[in-house]
Amino acid sequence: MSSMSVLTRDEAHNRAKLLDVQHYTVDLDLTTGDDTFASRTVIRFVSRADADTFVELKPAVLHSVTLDGTALDPAALDDNRLPLTLTEGAHELTLTATMRYSRTGEGMHRFTDPTDGETYVYSQLFLDDVQRVYAAFDQPDLKAVFDLTVTAPADWTVLANSVTTDHGDGRWTAATTPRISTYLLAVAAGPWHSVRTEHRGLPFGIHCRRSLGAYLDTDADEILDTTKALFDRYHEKFEEPYPFDSYDQAFVPEFNAGAMENPGLVTFRDEFVYRSAVTDTERQTRAMVIAHEMAHMWFGDLVTLKWWDDIWLNESFAEYMGYQTLTECTRFTGTWVDFGVARKAWGYDADQRPTTHPVAPDAVDDTASALLNFDGISYAKGASALRQLVAWLGEKDFLTGINTHFARHKFGNATLADFIDSIASATERDVPAWADAWLRTTGVDTLTATVAARPGTWALTVDRDGTRPHRVTVGVYDRDLNDAGALVLRERLDVDVPRTRDTAPRTGVRPALVLPNDQDHTYAKVRLDAHSEETALRTLSGVPDPLARAVLWNTLRDMVRDGDLAPGAYLATAAAHLPAETDLALVQGVLTFTATHIADRYLTPAQRPEALAALTGICRSLIRRTEDGENPGLRLIAVRHYISAAAHPDTIEDWLADGTVPGGPELDPELRWRILGRLAVLGATDQAAIDAELARDPSASGQEGAARCRAALPDPEAKRAAWDALFHSDDHLSNYLFTATAQGFWQPEQAELVADYVPRYFSDAIAVSARRGPAIATAVGHHGFPAHAVAPDTLALGRAALDDPATTPALHRRLADQLDDLARALRVRGT
């Protein structure tokens, strides 16, 4: 794949001053073959002056170009830019081209389902992949109206941003859209299995591959009921009505993100159509993604960022609104616990790396730089900042400001300054100062509690290491006189940090636990006073509120990462308290951190067997506790983690042979592949068993499971084949098969076997990233990185790769993050 010229902020600014783009007619023919499709674009626009500019397109072949009826030379296309010389006034530009299908989830992705041979295509045009599908003045502030026509095989259904009409002979048209940005045009075509309904006079639909149809039908009521409840709740919050003519949700194969907020046609990764057992927290996650994407219909689609430095205006809002609104209108009332233990950890980690950036950067120079900022800062930290803003302003003033923002900028574009003006119009508070402190700075503040106790009185001070103002709730807990392992809430104190004065002494005995940020309303690390820290380590599972427990688990996690708590002490705390934990998100979060950070990285290889034994011990306790069938979700989490941590094959071999865990659950495809993957790591299975399992489950997920297992076999030939498939094969793996193979390749148990591949990784990663583009570069840098190789040599090799000018921006960012985590792991081991 050749590189594309990236659009700079200055170029976009100048082109927006020059052009008024009014209308696109896009005609796609999806019947021309397995590798390419035909694309014809007509753009009607006005130039405000005589000037030179360019239009973007990345074709296999550009056949013809006409400007106002005059032919232009297709050979003038330079990389992805076709130069245009314009006179002042109205113009019509027509381009016809042959375009390539993608196998990496970028542009127009094409997928053939191994289960039944059916083929599906869908567009993913974010951030600048528009150019892989149609010609455009491709920047978010040149909005236009779109008319779309698609020619598809006769048995396909075509979905788009608006209601589609089948004209027979495979021709489909979509109703004219309102003004939207180029990256938001969407198409999904194939023999979809669909469930359709109406709500508030609008057609609603959910769609998936035919082979997943039965699984979608099982959950259709839950998905649609959640969608309708959210739709109604957003209309209670937002004065501006839903701005499009329909609401379709398509669950599509091999999708790179969680979902994409195309107006009227949200695309989701189809792992959200569950074909194996899942926990209620996973169902809550699916519901939250539905809520997040629906919030984008207003934040991002109705009002769109002017340039990519305001990514947070899209993502932070959708993240905050998704979690908050789901809590208000569905059965999923524990969303902020999951946010606290899963999403915030993502933000805290990202914000402590050298690659951190402000939530709202001063300037993002170009599209390549912008793509790197879709991270824990723009999502989790930004959403946390908004949650703090609501705690400071009050929800009434916040929503008043939001509705002002929609009214001022609907069907247009807005900046951070516009947003601040809208919020400030609803309050007397100094919103610009708040924004400077929270949105223009980097790093994580730390709040430290100090308790001074005297007979009959105690006093609290919360000190801040950092620069931001915080409004926090401090939880004050006493030991439960009826249960030595439990705590009871004495009171909650609302505290502004930094304080204008010290808190006066309070009457009463010293509390057992004083917890700053008890309800997780702010974004900051927390350090407890010594007495509270000891209480937390001894009685964490006895804290009555799961949100407070999430803050405490995050505190311990941060302390391990900062070298303030030994990894073994965290592991011991998990062993002491997880067997009694009731919140699924907390169990999942703590077990995941324990496995992937404590066992795999922070403890030495010599300490790893003891860590795995502790993990399987925790899981055995949870499995015993759930034998009555009362909490199948908790049992499922325990079974999954037991499999992944098994140091010996005997027990899980028996489960696989019997097709069930004693007492349940029966093994569904996900659990069978999980067991086989672990047996592969342990050298307790072979290629024949993998082939037999694939014959039993020939689905796309089965293909991924088999690829993961093959790469995990502790056999030199298996490793060589996997490496060649990842880095050297001309028969390119799709994005999902690439990820599955990479996940299987590196295993801590096989460090000696794969030692020679560690130095090879850095040069091969650079080459394949340059060849295959950002999606594969991201997978190479994330799943392909030898994270188990916690050694100074790995760090030195990685730093040399960062300095290599051939390292692409997407890979550079991933490597920089991985190397910072590696350096942290070395420091933790050193302490």
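## Packing of helix 9 against helix 10

Contact between residues here means heavy atoms within 4.5 Å. The model under discussion is predicted. On the contact criterion, L416, I420, I423 and A424 of helix 9 meet V431, P432, A435 and L439 of helix 10. Sorted by class, this contact comprises eight nonpolar residues, with no polar and no charged ones.

Helix 9 spans residues 416-424 and helix 10 spans residues 431-439; their axes are 9 Å apart and form an angle of about 135°. The two helices, helix 9 and helix 10, are therefore oblique to each other. Their crossing is right-handed.

## Salt bridges between separate elements

The salt bridges in the model number 57. One of them joins the side chains of R331 and D280, with an N to O distance of 2.9 Å. R331 is located in the loop between helix 4 (311-329) and helix 5 (335-351), whereas D280 belongs to helix 3 (residues 280-296), so the pair ties together parts that are 51 residues apart in sequence. D280 has a relative accessible area of 36% and is therefore partly exposed. Both R331 and D280 also belong to a network of salt bridges with shared partners, which joins D219, E222, D280, R283, R286 and R331.

A further salt bridge is formed by the side chains of D349 and R561, at 3.2 Å from N to O. Because D349 lies in helix 5 and R561 in helix 12 (residues 546-561), this pair ties together parts that are 212 residues apart in sequence. D349 and R561 are both buried, whereas D280 is partly exposed.

## A salt bridge within helix 21

R720 and E717 provide a salt bridge inside a single helix: both residues lie in helix 21 (residues 716-727), three residues apart, which is about one turn of the helix. The closest N and O atoms of R720 and E717 are 2.3 Å apart.

Both partners have intermediate accessibility values. R720 counts as partly exposed because its relative accessibility is 40%. E717 has a relative accessible area of 45% and is likewise partly exposed.

## Cis peptide bonds

Most peptide bonds are trans, and most residues other than glycine have a negative phi. Departures from the trans form include the bond that joins F126 and L127, which is cis with an omega of about -20°. L127 is placed in the loop between strand 9 (119-124) and strand 10 (145-151).

Another cis peptide bond joins G664 and P665, where omega is about 5°. P665 is found in the loop between helix 17 (650-658) and helix 18 (669-681).

## Positive phi at two aspartates

D68 is not a glycine, yet its phi is positive, at about 55°. This residue, D68, lies in the loop between strand 4 (61-67) and strand 5 (70-72). With a relative accessibility of 41%, D68 counts as partly exposed.

D79 likewise has a positive phi, of about 60°, although it is not a glycine. The location of D79 is the loop between strand 5 and strand 6 (81-86). Strand 5 thus borders the loop of D68 and also the loop of D79. The relative accessible area of D79 is 27%, so this residue is partly exposed.

Technical notes. Residues numbered from 1 in each chain as written. Predicted model: local features only at pLDDT ≥ 70, side-chain atom pairs only at ≥ 80, totals over all residues. Heavy atoms only, no water. Helix = DSSP H or I, 4+ residues; strand = E, 2+ residues; numbered from the N terminus. Buried < 20%, exposed > 50% of the residue type's maximum accessible area, 1.4 Å probe, protein only. Axes fitted to C-alpha atoms, helices over the stretch in contact; angles between N-to-C directions. Parallel < 35°, antiparallel > 145°, perpendicular 65-115°, else oblique. Left-handed = near helix turned anticlockwise from the far one by under 90°. Nonpolar A, V, L, I, M, F, W, Y, C, P; charged D, E, K, R; others polar. Salt bridge = Lys/Arg side-chain N within 4 Å of Asp/Glu carboxyl O.
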